[in-house]
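Work through the exercises below with the sequence and the coordinates open. Each task is followed by a solution in steps.

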Amino acid sequence: MKFDIKFDAIGRFLQPKTPPLIGVDISSSAVKFVELEDAGKGRYRIERYVIEPLQKDAVVDGNIVNLDQVSDSFKRGWKKLNSRVRNVALALPAAAVITKKISVPAGQREDELELQVETEANQYIPFALEEVNLDFQVLGPSPTSADDVEVLIAASRKEKIEDRVAAAEAAGLKAIVVDIESYATQAAFELIARELPEGGVDQTIAIVDVGTSMMNVNILRNGESVYLREQPFGGQQLTQEIQRHFGLTPEEAEIAKRNGGLPENYESEVLQPFMDNLALEVARVLQFFYTSTQYSSVDRILLAGGCAAIPDLDGAVSRRTQVSTVVANPFSQMDVSSKIRPRQLQLDAPSLLVACGLALRRFDPS
Ligand SMILES: Nc1ncnc2c1ncn2[C@@H]1O[C@H](COP(=O)(O)OP(=O)(O)OP(=O)(O)O)[C@@H](O)[C@H]1O
Ligand SMILES: [Mg+2]
């Protein structure tokens, strides 16, 4: 089953078919744009992408703290992208969204269903309904009762959505889909799964996205998320350690980290301990997973996020967890536009999982 919920920012069900759109991930380090095209025969082509850096602390823990700065990056990024498409799909962090599956009688009219969803939502959402955006999606027949269908409800506080939509609007763009980051990751994963042995069927696969401040772990089985966890751990810790160790400013540390040029003791005294810590964090999350679910093993780890660019991080994680680990590249099965440099795309790909998953919303059947 595929989760596919959208908060339709312009009102639900107004769009009979999804028009061309660009996936935009507003993350803590950058505003990231990805535009995909249908290349025919079930293939996609990455047409354009831009990673436009964001000032530090403009977005913290998935919340837009400085809307002006985010809007400015949005505008600059959009200009560089040089696309004609003006619709965008955005995402909220999973922590900002409450989701719940309910069962309702099958065969209800849309308005009846809507009313029932609102009544249900009222019971478990800790805010007044006027303060939230509510959406739902019929998933299919209920696994427990033949007369029922299963419905996924999602709710988020209005301002979380409004801030993101406002940043897009400031750049002259229209947000027509607001998704959830973990669902976007999952959509991107479905492309990667094609490359796995047996297409990943009946395998337990952990996507570990290590970004700036957060490590997001989403464990999937046959296209369904069976475990989701956020740990406060990210590349920011390495940047801070570089600052302390070598007396650099945050900006200098960030550049040195990506481009090299640090003293010889960097690897042994700073980088290696960070990689060990990261691997340990992953092992811990897997332990939580085993103790709180019926599962006792993971078949594969896919590393994503900017930190996945650290050489041999996959090796470090694999040695610590004893799970085969690879770096995720959502574009490996795609055609690549001649406008894009393949070397650079290869480096950037792991940090574009969310933006890529959002860009894929363009091809959703509706
Ligand atoms: N080549 C590299 N070597 C080491 N670290 C890198 C490299 N490239 C990027 N990073 C780090 O990856 C992090 C950014 O990753 P990413 O773009 O996935 O984060 P984000 O999506 O903005 O953050 P979050 O998901 O936490 O909001 C930064 O800490 C950055 O320093
Ligand atoms: Mg991220």
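**Exercise 1. The ligand shell**

How many residues surround ligand 1, and which are the closest?

Solution. The model is a predicted one.
- Step 1: the shell around ligand 1 consists of 21 residues. The closest are S27, S29, G211, G235 and G306.
- Step 2: assign the shell to secondary structure. The elements that give two or more residues to it are α5 (235–246) and α6 (250–259).
- Step 3: sort the shell by class. It has 13 polar, 5 nonpolar and 3 charged residues.

**Exercise 2. Ligand and domains**

Determine where ligand 1 lies with respect to domain 1 and domain 2.

Solution.
- Step 1: take the division of the protein chain, which gives domain 1 (22–94 + 158–190 + 335–363) and domain 2 (196–327).
- Step 2: check the shell against these bounds. Both domains give residues to the shell around ligand 1, so the ligand lies between them.

**Exercise 3. The domain contact**

Describe how domain 1 and domain 2 meet, and state which helix gives the most to the domain 1 side.

Solution.
- Step 1: over C-alpha atoms, the centres of domain 1 and domain 2 are separated by 22 Å.
- Step 2: count the contacts. On one side are 15 residues of domain 1, in contact with 18 residues of domain 2.
- Step 3: helix α4 (residues 181–193) gives the most to the side of domain 1 that touches domain 2, namely 5 residues.
- Step 4: by class, that side of domain 1 has 7 polar, 5 nonpolar and 3 charged residues.

**Exercise 4. Helix α3**

Compare the span of α3 with the expected value, then locate its buried residues around the axis.

Solution.
- Step 1: helix α3 (residues 158–170) has 13 residues, which at 1.5 Å a residue should span 18 Å. Its end C-alpha atoms are 18 Å apart, so the two values agree.
- Step 2: list the buried residues of α3, which are K160, I161, R164, V165, A167 and A168.
- Step 3: these residues cover an arc of only 155 degrees around the axis, so they sit on the same side of α3.
- Step 4: recall the general rule. An α-helix has 3.6 residues a turn, so residues three or four places apart point the same way.
- Step 5: look at the end of the helix. Just after α3, G172 has a positive phi of about 80 degrees.

**Exercise 5. Helix α6**

Which residues of α6 are buried, and what do they pack against?

Solution.
- Step 1: A253, E254 and K257 are the buried residues of α6.
- Step 2: they cover an arc of only 100 degrees around the axis, which puts them on the same side of α6.
- Step 3: the buried residues of α6 pack against α5.
- Step 4: turn to the face of α6 directed away from the buried side. That face carries the exposed residues E251 and N259.
- Step 5: just after α6, G260 takes a positive phi of about 85 degrees.

**Exercise 6. Positive phi outside glycine**

Where do N222 and Q322 lie in the fold?

Solution.
- Step 1: N222 is not a glycine, yet its phi is positive, at about 45 degrees. N222 belongs to the loop between β12 (215–221) and β13 (224–231).
- Step 2: N222 has 13 C-beta neighbours inside 10 Å and therefore counts as partly exposed.
- Step 3: Q322, also a residue other than glycine, has a positive phi near 60 degrees. Q322 is in the loop between α8 (313–321) and β15 (325–327).
- Step 4: with 11 other C-beta atoms within 10 Å, Q322 is exposed.

Definitions and conventions
Residues numbered from 1 in each chain as written. Chains lettered and ligands numbered in written order. Predicted model: local features only at pLDDT ≥ 70, side-chain atom pairs only at ≥ 80, totals over all residues. Helix = DSSP H or I, 4+ residues; strand = E, 2+ residues; numbered from the N terminus. Expected span 1.5 Å × (residues − 1). Buried ≥ 20, exposed ≤ 12 C-beta atoms within 10 Å, placed from the backbone. Arc of directions from axis to C-beta. Near = placed C-beta within 6 Å. Nonpolar A, V, L, I, M, F, W, Y, C, P; charged D, E, K, R; others polar. Domains from an automatic or database assignment. Contact = placed C-beta atoms within 7 Å.
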